[in-house]
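Trainee: I am new to this structure. Could you take me through one part of it closely, starting with the layout of a chain and going on to the side chains and strands?

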Amino acid sequence: MRDLVIIGGGPAGMSAAIAAYESGIRDILILERDAQLGGILQQCIHNGFGLHNFGEELTGPEYAWKYEKQVRQLGIERKLNTMVLDLTEDKVITATNSEEGIFQIQAKAVILAMGCRERSKGALNIAGSRPAGIFSAGTAQKFINMKGYLPGKNVVILGSGDIGLIMARRMTLEGAKVHAVCELMPYSGGLARNIAQCLDDFGIELKLSHTVVEIHGKDRVEGVTIAKVDENRKPIAATREYIPCDTLLLSVGLIPENELSKAANVNLCRTTNGAVVDQDRQTSVPGIFACGNVLHVHDLVDFVSQEAEIAGKAAAEYVNQVQEASANIPLTTDGKIRYTVPQVITKKKDVTVYFRVGDIYKNVKINVFDGEKLVLSRKRPKVAPGEMESITIKAEQLEAATQLHFALEVM
Amino acid sequence: MERKLTCIICPLGCDLTVKLENNTVLEVSGFTCPRGKAYAETECTNPLRTVTSTVRCSDGSLVSVKTDKPIPKEKMAQCMARINQAVATLPIAIGDVILEDVFGSRIVATQNNTGNA
Ligand code: SF4
């Protein structure tokens, strides 16, 4: 029997482990499928990480190392090259690695920190054949930054999420020509600074309200046809344009990796594709916690670390059987606000609620209601789907609450 | 003349407006913190960028690197050429200097590579 097993040794898993240790438990084990800790940060060699938590701009590997150093200093046990195959509601983990074969661990508490994966092209309906030369942006990133292979010379990128923008710059610096970045929506899902320093710096065109309608080529991509889309996101035939290229990168979103959560009968949220959690990041299964991109996709790793600290501390309290008065306050949203994390509040203490909106709005109020009663209201000059927002609710404000409804009001 | 910029110093990405006359900055607005003002001033006179990439190691593996200071923007391609010619001798610890004096900066490792991976 282990006190705490953490599945995943990326930024979420490491922060959670450190926080659990600092909260007094010692029997902690991190299971990581890769040969090193750090997760996706190891291939994110660009800078821009850690501004909130460290006040400096670090590259991904440097940010990861800050936490790995601490994990090592504290002597927290970890098994690398270890793949978790199954997790049960009773917190029995089945895992495998080449030294131990298949083995089982019974844990008192489990933290899910498996991260997310990229949406694949299967989810997109593009006409044409399926030649070589189509990669997800993250796969291309791994090829270039971890293996040293440039996947192509003439590139079109579909999707303007941050990974796509970062890869436009990376491939250009390595000598490829990026012909265009197409974005289906009328706005980019990436950070403004990445449009400036990854596209504008290199004269790469961002084509908003554009998509790839056809892929050409038999063995290898020879070109793509792009087109402008109307307000219903339907391609306009008259705007079709052929771009010769040998590579198409897809940067069309991320989804939490929740196969294990499903195996453990954890309730999932249909909007986030991650677990439904309370303020401690505890799932519907007592003793199973979730944090980081497996819970909901974050824009900044700093927020992943902060969320993981909450989960790590709470998991330690669970192991130590700290009892607190419990409540059951569900959080709901109006649709303009797409989701909140947590989705339920079970303890009446100060809670920071994170949320995302579904569209770009200017000059808004975020109102939190308990039935008819306005509990609190916060102004925001601008909100956008690409930027996670948060609001802190004080313990006093939860005193009489039975449910909380989050609504966006345009002023 | 007026120039609109997006501050790239932090993920907030503030919209900056710069009033210029003959390449001297008269006024900057739109910044949230002093670093944004400083960015606007250098961006209009001597734009700088941090370059991140990878260097081949003696065993054929890679190690990620960065310029330890931002370099002139127009030197990015030449900086990449220097980085691509370099070979790093293992083992490498985070912060090790791989190349000295690259357009006023040093190329430093941002990853550990023991050579056993
Ligand atoms: S002005 Fe300051 S807060 Fe705004 S993007 Fe620049 S560094 Fe960030």
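Mentor: In this predicted model, the centres of domain 1 and domain 2 of chain B, taken over C-alpha atoms, are separated by 29 Å. Domain 1 of chain B covers 2-46, and domain 2 covers 52-109.

Chain B also supplies the surroundings of the ligand: Cys7(B), Ile9(B), Cys10(B), Leu12(B), Gly13(B), Cys14(B), Phe31(B), Thr32(B), Cys33(B) and Gly36(B). Of the residues in this shell, seven are nonpolar, three are polar and none is charged.

The aromatic rings come next. A ring pair is described by the distance between the centres and the angle between the planes. Over all chains there are six aromatic pairs. One of them joins Tyr63(A) and Tyr67(A), with 5.2 Å from centre to centre and 40° between the planes. This pair counts as tilted because planes under 30 degrees apart would be stacked and planes over 60 edge-to-face. Tyr63(A) and Tyr67(A) both belong to helix H3 of chain A (residues 60-73), where they are four residues apart, about one turn of the helix. Both tyrosines, Tyr63(A) and Tyr67(A), are buried.

A further pair is formed by Phe135(A) and Phe143(A), which are edge-to-face at 5.8 Å centre to centre and 90° between the planes. Phe135(A) has a relative accessibility of 16%, so it counts as buried. Phe143(A) has a relative accessible area of 30% and is therefore partly exposed.

Tyr63(A) and Tyr67(A) also form one aromatic cluster with Phe54(A). Over the face of Phe54(A) lies Lys66(A), at 5.0 Å from the ring centre. In a similar arrangement, Arg26(A) lies over the face of Tyr21(A), at 3.7 Å from the ring centre.

Last, the strands. Strands of a sheet pair through backbone hydrogen bonds, either parallel or antiparallel. In chain A, an open sheet of five strands has the order S23-S21-S28-S25-S26, and its pairing is mixed. Strand S23 (344-345) and strand S26 (373-383) of chain A stand at the edges; each has a single partner strand, so one side of each is left without a neighbour in the sheet. Within the sheet, strand S25 (residues 361-370) and strand S28 (residues 404-410) of chain A run antiparallel and are joined by six bridges. Lys365(A) has Glu409(A), in S28(A), as its bridge partner.

Notes:
Residues numbered from 1 in each chain as written. Chains lettered and ligands numbered in written order. Predicted model: local features only at pLDDT ≥ 70, side-chain atom pairs only at ≥ 80, totals over all residues. Heavy atoms only, no water. Near = heavy atom within 4 Å. Nonpolar A, V, L, I, M, F, W, Y, C, P; charged D, E, K, R; others polar. Domains from an automatic or database assignment. Phe/Tyr/Trp six-rings, centres within 6.5 Å; stacked < 30°, edge-to-face > 60°. Helix = DSSP H or I, 4+ residues; strand = E, 2+ residues; numbered from the N terminus. Buried < 20%, exposed > 50% of the residue type's maximum accessible area, 1.4 Å probe, protein only. Lys NZ or Arg CZ within 6 Å of the ring centre and 35° of its normal. Pairing = 2+ DSSP bridges.
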